[in-house]
Amino acid sequence: MAELDRPGGSPAVPDDWTYAPAPESRDIVRLRERYGLFVGGEWIEAKETYETISPASEEPLAVIGQASAADVDSAVTAARSAFANGWSSLPGSERAKYLFRIARILQERAREFAVLESMNGGKPIKESRDVDLPLAAAHFFYYAGWADKLEYAFPNRRPRPIGVAGQIIPWNFPLLMLAWKIAPALACGNTVVLKPAETTPLTALLFCDVLRQAELPAGVVNIVTGDGRTGAALVEHEGVDKIAFTGSTEVGKAIQRRLAGTGTKLTLELGGKAANIVFDDCALDQAVEGIVNGIYFNQGHVCCAGSRLLAQESIYEPLVDKLKRRLETLRVGDPLDKNTDVGAINSAMQLERIRELVESGREEGAEIYQPPCRLPEKGYWFAPTVFTNVAQSYRIAQEEIFGPVLSVLTFRTPEEAIEKANNTPYGLSAGVWTEKGSRILWMAQRLRAGVVWANTFNRFDPSSPFGGYKESGFGREGGLHGLEPYLRFDE
Ligand code: NDP
């Protein structure tokens with residue numbers, strides 16, 4: 001807090017509201033200079049390597065292995081052998097013990113993981129600390145609970161594990177996506193080969209330490225780092241029984257084409273262009289917080305981000321005014337500062353993509369607003385942005401920007417809101433803000449979205465299934481539904 005100004009005995013008033021820096025210490029993280037691949041419980045060296053950096057400073061953090069097709073083959077062989085030699089036949093109650101152990105270790109080491117996640121991914125520490133880590137641990141706890149109850153979850157269907165699961169995850173929630181993938185797979189008795197995203201491998205590699213600490217049998221979880229080539233090798237490997245993918249629609253479609261007719265099970269969690277729909281009877285200030293959380297949380301690198309605001313015409317002006325004023329209070333900067341609201345963009349490539357789409361918005365005729373904010377010189381940054389005067393046909397209203405950019409559209413009636421909300425190739429999530437319960441239900445029935453939040457946004461819980469319609473993919477993660485893709489049924 002700035003110094004207090006006390007002229008002539010008048011009440012104490014701060015001379016400005018700038019926050020003093022409150023950086024989280026990096027000392028808790030012990031980075032190795034280089035990391036290999038985690039295969040069969042051991043570290044193996046990859047022939048090719050690359051450097052992973054901090055997107056906030058462009059500082060190199062470590063040298064990472066680029067797994068080749070041969071390395072992927074070793075990992076799948078290790079996973080197959082662990083599946084056959086004990087893991088798949090272990091009683092569910094025993095598998096649960098490992099999952100509980102992993103969850104508890106994640107909780108114990110939460111600060112270390114949160115700092116590393118922010119260093120490697122650029123997300124604000126308050127998010128990795130308060131969202132990513134608690135949710136990752138909760139996923140392991142939740143699926144630990146199901147491991148010995150599969151017969152009750154699917155009565156009379158004789159659920160059995162399917163074998164080796166190949167899992168490919170993105171860079172927006174590196175540890176959380178790992179938890180979403182690994183926890184249900186292990187609970188069901190499968191073994192895993194997981195590929196983290198090229199830009200954010202470090203928490204997955206630290207997780208290997210947790211696996212050792214939990215004494216998980218060797219080969220049950222294998223981590224192979226690398227770029228898209230590693231992911232493609234995993235998809236193409238004939239020893240993989242199921243692929244779970246989270247990422248772009250483009251790569252998801254390529255994977256689906258590749259696996260068509262092979263019998264390999266597939267779930268895809270792809271992009272989104274969610275509508276956050278605000279009616280004139282809602283609690284306006286609460287809605288503004290929900291809009292901000294919906295699109296600026298994690299720099300907008302969120303598949304279910306509320307990237308389109310649909311505002312009812314009668315409240316359009318006060319809503320946009322309040323929103324702009326709220327944007328001025330967002331603190332953009334050092335991800336390790338506990339006061340930071342918006343961190344760094346994950347990579348130079350993603351920043352380029354955001355810039356290109358924002359430019360298209362200007363060219364097509366939308367009006368741009370960015371609050372005054374000083375962006376750091378080094379690293380990848382983009383100011384929180386609002387576009388008004390947006391037509392449905394504009395690219396910024398149709399394409400996933402995956403950055404801190406909101407497109408505002410308007411509507412008059414609930415029917416029009418539904419039509420506009422559903423007018424996208426995606427269907428992952430939506431938000432409705434109104435005081436009327438009946439209207440919430442009416443809207444939820446008509447919105448083509450896997451998740452509909454009412455008077456809130458970006459709420460996650462391991463017991464609640466998550467997934468999409470249309471080009472947002474298929475299959476559900478989380479909840480009872482999240483078990484099904486990892487099981488076969490001898491009915
Ligand atoms: P990708 O779909 O390329 O990345 C997701 C994962 O797939 C990464 O681990 C990636 O590896 C891997 N991968 C890349 N190519 C292949 C392949 N041919 N076969 C198998 N796996 C592959 O997303 P991008 O990182 O390129 O992001 C591009 C856009 O995608 C973003 O701007 C955003 O719009 C969207 N996106 C959506 C996400 C979501 O959660 N729905 C998450 C991430 C991105 P690598 O990291 O090495 O490229």
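A cavity here is a set of grid points where a 1.4 Å probe fits but cannot get out. In this predicted model, a search of the whole structure turns up seven such cavities of 30 Å³ or more. The largest cavity holds about 90 Å³ of space. Its lining counts 13 residues, and the closest to the centre are Phe-173, Leu-176, Met-177, Trp-180 and Phe-460. Sorted by class, the lining of the largest cavity comes out as eleven nonpolar residues, one polar and one charged. Helix 4 (125-146) and helix 6 (174-187) each put at least two residues into this lining, and helix 6 gives the most, with three.

Next comes the second largest cavity, with a volume of about 80 Å³. Here 15 residues make up the lining, and Arg-308, Ala-421, Gly-427, Ser-429 and Arg-448 are the closest to the centre. The class split for the second largest cavity is eight nonpolar, four polar and three charged residues.

Arg-308 also turns up in strand 15 (residues 308-312), where five of the five residues are buried. Arg-308, Leu-310 and Gln-312 point one way from strand 15, while Leu-309 and Ala-311 point the other way, and all are buried. Strand 14 (residues 275-278) runs parallel to strand 15, and four bridges join the two. One of the residues involved is Ala-275, whose bridge partner in strand 15 is Arg-308.

Then there is the open space. The largest pocket has a volume of about 1200 Å³. As many as 40 residues line the largest pocket, and those closest to its centre are Trp-171, Phe-245, Gly-247, Ser-248 and Val-251. Helix 8 (228-236), strand 12 (242-246), helix 9 (249-259) and helix 12 (348-364) each supply at least two lining residues. Of the contributors to the pocket lining, helix 9 gives the most, with six residues. In terms of class, the lining of the largest pocket breaks down into 17 nonpolar, 13 polar and ten charged residues.

Now for the rings. A pair of aromatic rings is described by the distance of the centres and the angle of the planes. The count for this model comes to 15 aromatic pairs. One of them joins Phe-100 and Phe-141, with 6.1 Å from centre to centre and 50° between the planes, and is classed as tilted. This pair links distant parts of the chain, with Phe-100 in helix 2 (residues 92-108) and Phe-141 in helix 4, 41 residues apart. Phe-100 counts as partly exposed because its relative accessibility is 30%, and Phe-141 gets the partly exposed label because its value is 26%; that label covers the range between the 20% limit for buried and the 50% limit for exposed.

Aromatic residues also gather in a cluster made of Trp-180, Trp-453, Phe-457, Phe-460 and Phe-466. Two of these names are familiar from the largest cavity, as Trp-180 and Phe-460 are among the lining residues closest to its centre.

Finally, some rings have an arginine over the face. Arg-32 lies over the face of Trp-43, at 4.7 Å from the ring centre. Arg-439 does likewise with Phe-279, lying over the ring face at 4.4 Å from the centre.

Terms used
Residues are numbered from 1 along each chain as its sequence is written. This is a predicted model: local features need pLDDT of at least 70, side-chain atom pairs count only at pLDDT 80 or more; totals for chains, interfaces and linings use all residues. Side-chain values use heavy atoms; hydrogens and water are left out. On a 1 Å grid over the protein atoms alone, a cavity is a set of points where a 1.4 Å probe fits but cannot get out, and a pocket is an open set with protein on both sides within 12 Å along at least five of seven lines; lining residues have an atom within 4 Å of a point. Grid points are joined across faces, edges and corners, and a volume is the space filled by probe spheres set on the points. Ala, Val, Leu, Ile, Met, Phe, Trp, Tyr, Cys and Pro count as nonpolar, Asp, Glu, Lys and Arg as charged, and the others, Gly among them, as polar. Rings of Phe, Tyr and Trp (its six-membered ring) pair if their centres lie within 6.5 Å; planes under 30 degrees apart count as stacked, over 60 as edge-to-face and the rest as tilted. Buried means under 20% relative accessible area, exposed over 50%, partly exposed in between (1.4 Å probe, protein chains only). A charge sits over a ring if NZ of Lys or CZ of Arg is within 6 Å of the ring centre and within 35 degrees of the ring normal. Two strands pair if DSSP finds at least two bridges between them.
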